[in-house]
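Q: I'm new to this structure and would love a close look at one part of it, the largest pocket. Could you walk me through the pocket and its surroundings?

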Amino acid sequence: MLGIHQRLAELYMLSCQRALTRDEETEQRHCLQANAMYCWEMARLNNEARLAADTDDAQWQQEISAQMYEVRVTGRAGRRRK
């Protein structure tokens, strides 16, 4: 879980108790945007992993697995295979 996911959960819990401040609403939008990018990146990598498996490309699968781990830990993937 990334820090943005924890903060998004905190903001949600706060919003259940009271109205969020303007700063909190802005932070919530930023967290939602970062979460959307995270989800899209993981979806892309999952699709590539399926392609690598379907083509029996073990090296590509290893690269994708490393990128997926990096996204899970940092929220961003490193270099892509060309």
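A: Of the 82 residues in this chain, 22% count as buried, and it helps to keep in mind that the model is a predicted one. Let's set the scene before turning to the pocket. The chain has three helices and zero strands, so that reading along the sequence gives the pattern α-α-α. Its radius of gyration is 17 Å, well over the 12 Å that the globule rule gives for 82 residues, so the chain is more spread out than a compact globule. Along the principal axes, the C-alpha atoms fill a box of roughly 55 × 20 × 15 Å. Among contacts with a separation of 6 or more, 41% are between residues 24 or more positions apart.

Now to the pocket itself. Rolling a probe the size of a water molecule over the atoms shows where empty space is left. The largest pocket holds about 190 Å³ of space. Its lining brings together Leu-2, Gly-3 and Ile-4 with Ala-34, Met-37 and Tyr-38, and also with Thr-74, Gly-75 and Arg-76. The elements that give two or more residues to this lining are α1 (3-17) and α2 (22-54). Helix α2 provides the largest share, three residues. Sorted by class, the lining has five nonpolar, three polar and one charged residues.

Two of the lining residues lead on to the next feature. Leu-2 and Tyr-38 line the pocket, and both also belong to the largest nonpolar core. That core has nine residues in all, and its other members are Met-42, Leu-45, Ala-52, Trp-60, Ile-64, Met-68 and Val-71. Here the elements that give two or more residues are α2 and α3 (58-74).

Ile-64 is a good place to pause within the core. Leaving aside residues up to four places away in sequence, Ile-64 touches Leu-45, Glu-48, Ala-49 and Ala-52. Of these partners, Leu-45 and Ala-52 are themselves listed in the core.

For a view away from the pocket, try Leu-14, which sits in helix α1. With residues up to four places away in sequence again left out, Leu-14 touches Leu-20 and Glu-24. Leu-14 and Ala-66 are 52 residues apart in sequence, and their C-alpha atoms lie 36 Å apart in space.

Methods:
Residues numbered from 1 in each chain as written. Predicted model: local features only at pLDDT ≥ 70, side-chain atom pairs only at ≥ 80, totals over all residues. Heavy atoms only, no water. 1 Å grid on protein atoms, 1.4 Å probe; cavity = no way out; pocket = protein on both sides within 12 Å on 5 of 7 lines; lining within 4 Å. Points joined across faces, edges and corners; volume = space filled by probe spheres on them. Helix = DSSP H or I, 4+ residues; strand = E, 2+ residues; numbered from the N terminus. Nonpolar A, V, L, I, M, F, W, Y, C, P; charged D, E, K, R; others polar. Core = buried A, V, L, I, M, F, W, Y, C linked by side-chain atoms within 4.5 Å. Buried < 20%, exposed > 50% of the residue type's maximum accessible area, 1.4 Å probe, protein only. Contact = heavy atoms within 4.5 Å. Rg over C-alpha atoms; globule rule 2.2 N^0.38 Å.
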